[in-house]
Amino acid sequence: MLLNAFEMATPVHQSPGLWRHPESRAANFDQLSYWTDLAQTLDRGGFTALFLADVLGTYDVYGGSDAVSHERGVQVPLLDPFAAVSAMAAVTRRLGFGLTASCTYEDPFLLARRFASLDHLTGGRVGWNIVTSYQDSAARNLGLERQLPHDERYDRADEYMDVMYKLFEGSFAPGSVLKDADAGVFVDPAGVRKAEHKGEYFSVDGALLTHPGPQRTPFLFQAGASARGLRFGAENAEAVFMIGSEPSVVRGYIDRLHEALEVAGRPADAVRTFAMATVVTGADDEEAQRRFESYQQYVDVEGALALFAGWTGVDLAGLDPDAPLAEVETEANQSALRSVTSGDTAREWTVRDIAAFVTLGGRGPVIVGGPESVADQLEGWQAASGVDGFNVCSGVRPADLERFAEYVSPELRRRGLLADAGEAADAGAGAADAAAGAAAEPVTLRASVTGQDWLPDSHRGSCFRTGASAGAGC
């Protein structure tokens, strides 16, 4: 069972209002120690990665403004997810870092350099959550009047990935970085290749300035569940993040992903799948239930509706709370809307239902219980849905993740579902010890998930590697 911690550098990620809970330290999201302490906790707890979400605009759909989002801290203020990664890597041994970056708005040459640099500085423990973005506010912040239509964003992303593969995989041939002091040669110029890309959306001439890190291309996450998003994921992703309120909903996404993988010519096991789950736990079921009940005092319904409106583009302000919510097509985040309104076909959702559903844990299940109960529910979800693991979300941050590592991780290890702590058990001993351990036994994020450091030959990105032969993915 693979585990990622699903986080965001902001006061409110998925559970509006709970930053006010007495156990919450989410208001300290702008302090480096918040992130280094959390990273060490996750490393000890056997998490594969810290998955950091990001957006580039405010949620300004609800009521026609972003006033509620600012007032309630709904994903604003928000730090750059890249900022603390090097510090977190320095105090951990195996934890990876999945970073969200938009191929609609990020310049590909500059983003490739940032990822390649972090791949070096983390010892190959960096991943990229590829998004196309979904906010009109982000579009206006980045020079457009409104966002591009949904499918056009993915058309642009197809070309974006071609550019990134040319930079990551093609700029330096394997073995061309010599570091040969005797010969006075650092890089063999014969092994350097320019991108020379001229396409519909991008023009990039030269080779990447940064030489390849341990993974060459960062490990590739993706989260689109629309038909176009699944096609893009089937062609590019190594892990796909899915959200559904029931295992059957996620199972449906996975079945469609496998169909898309077959069309793309990749094996069904080429992509790992993760479902979101918010976990509230404690020493036993009673303690976990008491804690969960205490959360109810702090949920923020209006903040939840602002979050939902930002995700979906659907403004529910001023509507009858008991009015049914019909299926709506939107140019925003279609996956978010579909995961609620059409995911549970046996239910006619009302505005009140939406607010209650989003207030704790966003759009995924909330699992409450002691270590054995949580492990049972996660096992049940995995068996019913077919997911490889979970993006574990918090209601109260970072307390819920801390308790997961303290209570649930040992139970998962006892059942053989989570790798033994091993060298990571004492990852909190300090930066120097952690760095020494990482140097002695480097494990890239890709290797921890798939068993190999570089993109496999079945992945189309490998076709851009200098000297690559036309393999299964080419």
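User: Why is Ser133 called buried?

Analyst: In this predicted model, Ser133 has a relative accessible area of 13%. Buried means under 20% relative accessible area, exposed means over 50%, and partly exposed lies in between (1.4 Å probe, protein chains only). The value of 13% falls under the 20% limit, so Ser133 is buried. Residues are numbered from 1 along each chain as its sequence is written. Local features need pLDDT of at least 70 and side-chain atom pairs count only at pLDDT 80 or more, totals for chains, interfaces and linings use all residues, and side-chain values use heavy atoms, without hydrogens and water.

User: What makes the backbone of Ser133 notable?

Analyst: Ser133 is not a glycine, yet its phi is positive, at about 70 degrees. Most residues other than glycine have a negative phi, and most peptide bonds are trans. Ser133 is placed in the loop between strand E4 (126–131) and helix H5 (136–141). Helices (H or I, at least four residues) and strands (E, at least two) are DSSP runs, numbered from the N terminus.

User: Is Lys179 buried or exposed, and how do you know?

Analyst: Lys179 has a relative accessible area of 55%, and because this is over 50%, Lys179 is exposed. Lys179 also has a positive phi, of about 50 degrees, although it is not a glycine. Its place is in strand E5 (residues 177–180).

User: Which peptide bond before Pro77 is cis, and with what omega?

Analyst: The bond from Val76 to Pro77 is cis, with omega near -5 degrees. Pro77 belongs to the loop between helix H2 (67–72) and helix H3 (85–90). The bond from Arg397 to Pro398 is likewise cis, with omega near -5 degrees, and Pro398 is in the loop between E13 and helix H14 (399–414).

User: Why is strand E13 described as largely enclosed by the rest of the structure?

Analyst: Five of the five residues of E13 (residues 389–393) are buried, so the strand is largely enclosed. For the protein chain of 474 residues, 58% count as buried.

User: How do you know that E1 and E13 pair?

Analyst: Two strands pair if DSSP finds at least two bridges between them. Strand E1 (residues 2–7) and E13 share four bridges in the parallel sense, so the criterion is met. Within this pairing, Ala5 has Val392 of E13 as its bridge partner. Strand E11 (residues 272–281) also pairs with E13 in the parallel sense, over five bridges, and Thr278 has Cys393 of E13 as its bridge partner.

User: Why are H6 and H7 called roughly parallel or roughly antiparallel?

Analyst: Helix H6 (residues 150–170) and H7 pack at about 10 degrees, with their axes 10 Å apart. Axes are lines fitted to C-alpha atoms, for helices over the stretch in contact, and angles run from 0 to 180 degrees between N-to-C directions. Angles under 35 degrees count as roughly parallel, over 145 as roughly antiparallel, 65 to 115 as roughly perpendicular and the rest as oblique. The helices H6 and H7 are therefore roughly parallel. Their contact (heavy atoms within 4.5 Å) includes Tyr154 and Met161 of H6 and Arg228 and Phe232 of H7.

User: What classes of residue make up the contact of H6 with H7?

Analyst: Five are nonpolar, three polar and six charged. Here Ala, Val, Leu, Ile, Met, Phe, Trp, Tyr, Cys and Pro count as nonpolar, Asp, Glu, Lys and Arg as charged, and the others, Gly among them, as polar.

User: What describes the packing of H4 against H6?

Analyst: Helix H4 (residues 108–121) and H6 pack at about 45 degrees, with their axes 10 Å apart. The two helices are therefore oblique to each other. The H4 contact residues include Phe109, Leu111 and Phe115, and those of H6 include Val163 and Leu167. By class, this contact has eleven nonpolar, no polar and no charged residues.

User: What makes H7 oblique to H8?

Analyst: The axes of H7 (residues 227–236) and H8 (residues 247–264) come within 8 Å and cross at roughly 55 degrees. That angle makes H7 oblique to H8. Among the residues that meet are Leu230 and Ala234 in H7 and Leu257 and Leu261 in H8. The contact holds seven nonpolar, no polar and two charged residues.
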